[in-house]
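Visitor: I have a few questions about this one. Can we go through it piece by piece?
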Amino acid sequence: MERRVDDERFRELCAEHLLSGLEGPDRDLFRRELLRRGSDGQAELDRLREVLGSLAASVAPVPPPEGLKGRVMARLDREDLGDDGETRTGGGRGGGSPARDAEIGPRGSAGLPPWAWAAASVAAAAVAAFFLVRNAELRDSLAETRTALERTRAEAATADSLKRELERMRGDLATVASPRSLALSLDATREDMAGRARVFVDPQSGKALLFAYDMEILPPDSVYQLWSIRGDTPRSAGTFQVGRDGRARVEVEPGSLVTEADAIAVTVEPAPGRDAPSTQPILVGSS
Amino acid sequence: MFGLLLRILGDEDRADEVAQDVYLQVWRTADRFDPERGTALTWLAMMARSRAVDRARSDGSYGEALERLETGGTPRSHGRSGEDPEETALRSERSRKVREALESLPGEQQDAVELAFFRGMTHREIADATETPLGTVKSRIRAGLSKLEEALDPKLRA
């Protein structure tokens, strides 16, 4: 029967595979599990490799010795490396005339003296290594910069949001505290009902605000609807919902709450509201 | 890379030789590097670590390495003309961040990870050396690496 490998065990196998290699049944188990997990398993292995690779950076950087490049050149010279990566020894190179050397490309088996090929190879290897490392560093740096930028944007958005909230509160305060504003209290129509509201209307600007408290939270298919009543005629002044705290702040559509209204009422209506009240008012206030 | 080689081998001459091997290997196998699978730094670091561990094993120099780990000895630094101060500062900063993450691990997890990574000890060797059950060593390394991944994640993902 095939053994099941949970995520923790798989990570242990990945770590051991990367750190010291696996042998015997564990190696077979790891290979089977890696195959079974497909791209997810490979991604897990790659992530762990990155973590391990980052450990190398925990060592204080030490510049390589001065003569390392020369020694690598000497190694290349001795080993006579070809482009295919195989070590080749023996003749074919060197001894050619300068003209002949110029005609032979870098992949030829004869041509420039070995030290020249070695120098070119070292230079290319150094350039390749430099760009690989530099590219990785730039990507790391770019990622950090992006993270910082996103954080700054989020902070700016929060600041903007706070600024808008503050401006709104200032506007509300101006309406509520204005000596020309009219205030009206709306109370529950039944003693066993919670809920109350206050409406402030600035007759000059037409701005009207309703603040409701202790209201029942309605199901999504219902809304509270505000009515401006003159005589026997109710006129809709908008709908609203309350927050989890049972409160609501509603900017009433300008002009819909006329200061001459005889009464203002709130009913519960099916969403999105009605042209005329279909239920009895739960809050009402008379001027 | 040279710092890593010195840390593992503790010997400038051998670190120099292994550095040469690594540069040659980079030259030979650069076409096998797959940026989709990880960063070039990791590719280079893991290659260098593997070479250094192999060399330390073949030389039987684990005793010296252990002593160095225990005493916290720092290999001698080389001077190099033309070192870019900004680059040096960037490398030092990265080094500091990773060191902080490593040092934030519980002691036994940090020890297990360091013995496995810098000394190239197998899980079994760590279990024997520290007289700890093998399963415990495995879970310490796994847990340590998971915590490192969490701590370094924003710096790792590019």
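Guide: Let's start with a pair of charged residues: Glu33(A) and Arg37(A) are four residues apart in helix 2 (residues 24–55) of chain A, so they are separated by about one helical turn. Keep in mind that this is a predicted model.

Visitor: What do the side chains of Glu33(A) and Arg37(A) do?
Guide: They meet in a salt bridge, with an N to O distance of 2.7 Å.

Visitor: Why would that spacing suit a pair in a helix?
Guide: An α-helix has 3.6 residues a turn, so residues three or four places apart point the same way.

Visitor: Is Glu33(A) buried or exposed?
Guide: Glu33(A) counts as buried because its relative accessibility is 4%, and the cut-off for buried is under 20%.

Visitor: How many salt bridges are there over all chains?
Guide: The count comes to 24 over all chains.

Visitor: What about Glu165(A) and Arg168(A), where do they sit?
Guide: Both are in helix 5 (residues 114–177) of chain A, three residues apart, so about one helical turn separates them. Their side chains meet in a salt bridge at 2.6 Å, N to O.

Visitor: Are those two buried or partly exposed?
Guide: Glu165(A) is partly exposed, with a relative accessible area of 37%. Arg168(A) also counts as partly exposed, at 27% relative accessibility.

Visitor: Which residues do salt bridges with shared partners join into one network?
Guide: The network joins Glu8(A), Arg9(A), Glu12(A), Glu16(A) and Asp26(A) with Lys138(B) and Arg142(B).

Visitor: Take Arg9(A) and Glu12(A) from that. What is the N to O distance in their salt bridge?
Guide: It is 3.9 Å between the two side chains. Arg9(A) and Glu12(A) are three residues apart in helix 1 (residues 7–19) of chain A, which means about one helical turn between them.

Visitor: Buried or exposed, those two?
Guide: Arg9(A) counts as buried at 18% relative accessibility. Glu12(A) counts as buried too, at 12%.

Visitor: Over to chain B. How many residues of helix 1 are buried there?
Guide: Seven of the eight residues in helix 1 of chain B are buried, so the helix is mostly covered. The buried ones are Phe2(B), Gly3(B), Leu4(B), Leu5(B), Leu6(B), Ile8(B) and Leu9(B).

Visitor: What follows helix 1 of chain B?
Guide: Gly10(B) follows, and its phi is positive, near 65 degrees.

Visitor: How do the axes of helix 1 and helix 6 of chain B cross?
Guide: The axes of helix 1 (residues 2–9) and helix 6 (residues 107–118) of chain B come within 10 Å and cross at roughly 100 degrees. The two helices are therefore roughly perpendicular to each other.

Visitor: Which residues make that contact?
Guide: Helix 1 of chain B contributes Leu4(B), Arg7(B) and Ile8(B), and helix 6 of chain B contributes Glu114(B), Phe117(B) and Phe118(B). By class, that contact has four nonpolar, no polar and two charged residues.

Visitor: New topic. Where is Gly246(A)?
Guide: Gly246(A) is in the loop between strand 5 (233–240) and strand 6 (248–252) of chain A. At 4% relative accessibility, Gly246(A) counts as buried.

Visitor: Which residues is Gly246(A) in contact with, leaving aside neighbours within four places in sequence?
Guide: Those are Ala212(A), Tyr213(A), Asp214(A) and Met215(A). Ala212(A) is 34 residues from Gly246(A) along the chain, and their C-alpha atoms are separated by 7.8 Å.

Notes:
Residues numbered from 1 in each chain as written. Chains lettered and ligands numbered in written order. Predicted model: local features only at pLDDT ≥ 70, side-chain atom pairs only at ≥ 80, totals over all residues. Heavy atoms only, no water. Buried < 20%, exposed > 50% of the residue type's maximum accessible area, 1.4 Å probe, protein only. Contact = heavy atoms within 4.5 Å. Axes fitted to C-alpha atoms, helices over the stretch in contact; angles between N-to-C directions. Parallel < 35°, antiparallel > 145°, perpendicular 65-115°, else oblique. Nonpolar A, V, L, I, M, F, W, Y, C, P; charged D, E, K, R; others polar. Salt bridge = Lys/Arg side-chain N within 4 Å of Asp/Glu carboxyl O.
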